[in-house]
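Hello,

Here is the structure I promised to pass on. My notes follow below it, with the cut-offs given as they come up.

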Amino acid sequence: MSKFQLKSGVVGLLVAAFGSTVSATSQESASPSKRPSLVVGIVVEGLSNDYIELLRDQFGNGGFRRLLEKGVTITDADFGTPLDGAASTAMIFTGTSPSVNGIGAAGYYDPETRRVRSALFDSETIGNFTDETLSPRNLAASTISDELRIDAGGLGYAYAIAPDATEAIIMAGHAGNSAFWINDNTGKWATTTFYKDLPTSPQNANHREPNEFRLDTLQWTPSVNVEKLPDLPSYKKLYPFRHSFPRTQAERFKAYKNSPVVNTDVTSMAADYIKTLTLGKRESTDMLSLAYSLQPFMYGSDPDNRTEMMDSYLRLDRDLERLFAAIDSDGPGMDNTLVFITGTPLTRRQRRDDEKWALPYGEFSSKKAVSLLNMYLMALYGNGEWVTAYHDGQLFLNHKLIKERDKDLAEVRTESARFLTRMSGVGDAWTIDDIVDRRASENPDAMRRNTHIASSGDVIVNILPGWQEVDDDDNSGDTPQTTQRAASAMAPAFILAPGVKAQTLSTPVDARAIAPTITGILRIRSPNGASVAPLRLQKN
């Protein structure tokens, strides 16, 4: 063998060895990180960037500040149009809009029975600790929790806890172990027989410390000295708020669910789940979904509820810190947990300002609107009940009568919309045909995808800001008097996950991208209706 051949052979071996080392190093760096042991998905109704920034210096280190400093901050998750908590939650967890997932709002009007039903009404189920008959069968798309359960062959757990029934069930999904919520009439933690798993924590709360008795002595007062609250006028500091939930209040449980006290109770229940169910401590990834509320408090005597709102944020900050501490102490640890928190648009219905400010105000009576429109249609098409109902800004026509009289449904809808736009307090009135053909609102594409056609009315009415929708069938003196306000379809969101770098996304992000982003981090399938691409997040 020549010297040249020997040297060439040695060089070849060195190159091969070096190449193997580079290849191994490259493969090691490219290998995926360990999948989180626990997923905690949180929906916060009414979460606002404005209050987070206002109170940032007041927050502790373990709640919102931890999210802001160590997680992904999405300043504006765009829902397209303002949606209620149920529809927003469905969009977050399915990655698709109401036109696909089937949930356009928490409730809908059923023309057959002429009754308002829950969007998740299911006559084939019964309730535990409630007379509600609900299930996720009307949710027409899979959820994050569904896909996580399917990926593990059912070995991973998926639980949901929320003040509201619809939100709890949507978060648990079709394949979840259980969903618990707080009943509006009894204050008990309740669930549906659709789910077969009954954790002991809610049952113990119902028996040992039921809200029926606990609320008798419960009060909500400021948790900090109001002098420390920023941008608060001096007159608000003189008389700090004090709210109670007495038995004489007809809607005491609804008021309780509209306060930050319920957020603390959801957190306590969640911490108990983590400990007693050993979530995140097994081979398969578990999921715990929670819902909180930061919507304006409607049950106080003072329409100016800024103090209550700031106190709610400060309390939720401590609840989040307590939740994260529970994950560290009794769960797999935050280093092995994926947390995502998404706000929902602020409600359009808010307390009316004091009359002394002389702001424009009016009352839109749905009963009068139905009556006047029916008279108008009788003048055009003959006697009969042409209009059957008005619910949640939607007017329903009598399709059976229209067919019997051989009238054109689209024409009757158009005439109805034209008449309603001339009524005081009505800004716009669109037919369902306008929405389908993308001729409605300033954002017709978003309006179309956020409308569930099968449960929608024939004419959708937009009430002007400052006007109150009068529900003539509601005789409860405890029902808050609210007026319409323009509302943004944006809300902030946060993702805190192992291997994901802290970053801020300041341009609007389609809210439908959240679900595929979370499933992408988990390396599982996206929900079956998700069509928006996941966010490309920077990794550590």
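Helix α14 (residues 366-381) lies across β15 and β16, at about 150 degrees to β15. Axes here are lines fitted to C-alpha atoms, for helices over the stretch in contact, and angles run from 0 to 180 degrees between N-to-C directions; helices (H or I, at least four residues) and strands (E, at least two) are DSSP runs, numbered from the N terminus. Before you go further: this is a predicted model, in which local features need pLDDT of at least 70 and side-chain atom pairs count only at pLDDT 80 or more, while totals for chains, interfaces and linings use all residues. Residues are numbered from 1 along each chain as its sequence is written, and side-chain values use heavy atoms, with hydrogens and water left out.

The sheet under α14 is open and has four strands, in the order β15-β16-β18-β17, with antiparallel pairing. Its edges are β15 (387-391) and β17 (426-431); each has a single partner strand, so one side of each is left without a neighbour in the sheet. From one strand to the next, the twist averages 20 degrees. Strands count as paired if DSSP finds at least two bridges between them, and β15 and β16 (residues 394-397) have four, in the antiparallel sense. Within that pair, V387 stands opposite L397 in β16.

A second helix, α16 (residues 409-421), lies across β16, β17 and β18 (459-463), running at about 175 degrees to β17. Its buried residues (under 20% relative accessible area, with exposed over 50% and partly exposed in between; 1.4 Å probe, protein chains only) include V412, R413, E415 and F419. Among the elements covering them are α14, α15 (399-404) and α17 (432-436), where contact means heavy atoms within 4.5 Å.

Elsewhere, helix α12 (residues 260-276) is mostly covered, with 12 of its 17 residues buried. Those buried residues include P260, N263, D265 and Y273. Just after α12, T278 takes a positive phi of about 45 degrees.

One last residue to look at is T517, in helix α19 (residues 514-522). Is T517 buried or exposed? It counts as buried because its relative accessibility is 3%. The T517 side chain reaches the backbone oxygen of A513 at 2.6 Å. Leaving aside residues up to four places away in sequence, T517 touches I495, P534, L535 and L537.

Happy browsing, and best wishes!

Note on methods: Polar contact = N/O pair within 3.5 Å; in protein donor to acceptor, adjacent residues only side chain to side chain.
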